[in-house]
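Work through the exercises below with the model open. Each task sentence is followed by a solution in steps.

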Amino acid sequence: MSNYEKIQATDKAYVANTYGRFPVAIKKGKGAVCYDFDGKKYIDFSSGIGVNSLGFCDDGWIKAVTGQLSTLQHISNLYYTSPCAEAAKILCEKTGMKKVFFSNSGAESNEGAIKCARKYSFMNYGEGRNKIITLNNSFHGRTVTTLAATGQDVFHNFFFPFTQGFEFAPANDIDALKIALEDSSVCALMIELIQGEGGVMPLDKAFVKEAEKLCKEKDILLIVDEVQTGIGRTGKLFAFQQYDITPDIVTTAKGIGGGLPLGCVIFGEKTEKVLEAGDHATTFGGNPVATAGAKYILEKMNDDFLAEVESKGNYIKDKLTKMPHVIACDGMGLMIGVRLDNSIKSADVVKKGIDNGVLTLTAKAKLRLLPPLTISYKEINEGLSAIAKTLDEI
Ligand SMILES: *Cc1c(COP(=O)(O)O)cnc(C)c1O
């Protein structure tokens, strides 16, 4: 048996069968390149689903993380630690937001945002004003509550009863949103600015601006789920900065830990004092090792770094749109959704791409690319060649 076959057999025998894995085991990586157990090389256009923002095993990030790891790995949120405080400070300074609650994942971050919105409304308006509007085709996580918040019917099965209090409105439809927000029991609107899992679907700027205005008028909290779009992915630190809005709550996760499990809820002026001691907590959230890495990542994301993300994204889109089967590219920065013609399936491109040495993702019918933000042009060109070859063969 090969190393891969051994790993696969053990995994199949002992790991819960909740993932349809590709027939590859990845052994090691550096930058945007990784290798399997046979030594086969892959260009990574997936970042572990938008997680490895600085690529595999970035030297500075390793130093930050391992330095902290050999100093203090954990002490609980009953005590202060420096990396947690410092990472929160940078997040606030770079966004104009006021406070940070660290969690361990995207779903957990959204849970925190939902709790905050409900409490804000309870404190200011009393019982009964607790409905949260989210958008059709959204994705907000896999817990029972965040599944309920997700605006896709396929996720509302088996696990009944779901958390109550979520209703859905169509994206980019201002009139429909107006009607939804007229309901006096609504306390918050939760949106992704670019729907990621839903197919890399950016919201229109006019819709987002109007949504912000409507929310302000009615004191409905605007929650922006930046679990996928945050931490430089779109060419700004957060996508809400692309849309020039001021959310009341921002959630993020994926890219902030650079590969370690970390997420956060960021509160604005209206919400910074809502959750108090005893209202919300997590054992692991904000742990010093993950936040030391986050601090390093956030410090790296200056204007030059973010401008590069945008340039690389434009470069990739330009090359892709000239390839066979490609109709157009959606998204911003290094969050790219490739619209393919009907003759091919995005899942087949991903599968065949692996054979050709490139790791990509799907988002519904689109091919989705989330390369590490530090990817070099040499790596980009190599990955694009593998995609071109794949599209040619298919
Ligand atoms: C991935 C994702 C989530 C869920 O994050 P987990 O870390 O898997 O819980 C939530 N919202 C959005 C927009 C996401 O892309």
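**Exercise 1. State which residue ranges make up domain 1 and domain 2, and how far apart their centres lie.**

Step 1. The domain assignment of the protein chain gives 3-57 + 303-393 as domain 1 and 72-300 as domain 2; such bounds come from an automatic or database domain assignment.

Step 2. Between the C-alpha centres of domain 1 and domain 2 the distance is 27 Å. In the contact (heavy atoms within 4.5 Å), domain 1 takes part with 27 residues and domain 2 with 28 residues.

Step 3. A note on conventions: this is a predicted model, in which local features need pLDDT of at least 70 and side-chain atom pairs count only at pLDDT 80 or more, while totals for chains, interfaces and linings use all residues. Residues are numbered from 1 along each chain as its sequence is written, and side-chain values use heavy atoms, with hydrogens and water left out.

**Exercise 2. Describe the interface of domain 1 and domain 2 by buried area, polar contacts and salt bridges.**

Step 1. The size of an interface is often given as the accessible area lost when the parts come together. Domain 1 and domain 2 bury about 2200 Å² between them (the accessible area, with a 1.4 Å probe, that two parts lose on being put together, summed over both). Carbon and sulfur atoms carry 62% of that area.

Step 2. In domain 1, the residues that lose the most area to domain 2 are Met 332, Met 335 and Lys 364, which together make up 30% of what that side buries.

Step 3. Between the domains, 11 residue pairs are in polar contact, both residues at pLDDT 80 or more. A polar contact is a pair of N or O atoms within 3.5 Å; within protein, one must be able to donate a hydrogen and the other to accept it, and residues adjacent in sequence count only if both atoms are side-chain atoms.

Step 4. The rule finds 1 salt bridge across this interface (a side-chain nitrogen of Lys or Arg within 4 Å of a carboxyl oxygen of Asp or Glu). Glu 197 forms a salt bridge with Arg 368, with 2.9 Å between the closest N and O atoms.

Step 5. On the side of domain 1 that touches domain 2, two or more residues come from each of helix H2 (47-50), helix H10 (303-320), strand S13 (326-332), strand S14 (335-340) and strand S17 (366-369). H10 gives the most to that side, with 4 residues. Helices (H or I, at least four residues) and strands (E, at least two) are DSSP runs, numbered from the N terminus.

**Exercise 3. Trace the sheet of 4 strands and find what packs on it.**

Step 1. The strand order of this open sheet is S1-S2-S3-S15, with mixed pairing; two strands pair if DSSP finds at least two bridges between them. Strand S1 (26-30) and strand S15 (358-359) are the edge strands, each pairing on one side only.

Step 2. S1 and S2 are antiparallel over 4 bridges, with Lys 28 opposite Tyr 35 in S2. Their hairpin has 2 residues between the strands, and Gly 31 takes a positive phi near 65° there.

Step 3. S2 and S3 are also paired in the antiparallel sense, over 3 bridges, and Cys 34 stands opposite Tyr 42 in S3. In this hairpin, with 4 residues between the strands, Gly 39 has a positive phi near 85°.

Step 4. Strand S3 (residues 41-44) pairs with S15 in the parallel sense over 2 bridges, where Ile 43 faces Val 358 in S15. Helix H12 (residues 377-393) packs on the sheet and touches S1, strand S2 (33-36), S3 and S15; its direction makes about 105° with that of S3. Axes are lines fitted to C-alpha atoms, for helices over the stretch in contact, and angles run from 0 to 180 degrees between N-to-C directions.

**Exercise 4. Find which residues form a salt bridge between S3 and H12.**

Step 1. The structure holds 21 salt bridges. In one of them the side chains of Lys 41 and Glu 382 meet, at 2.9 Å from N to O.

Step 2. Lys 41 is in strand S3 and Glu 382 in helix H12, so the pair ties together parts that are 341 residues apart in sequence.
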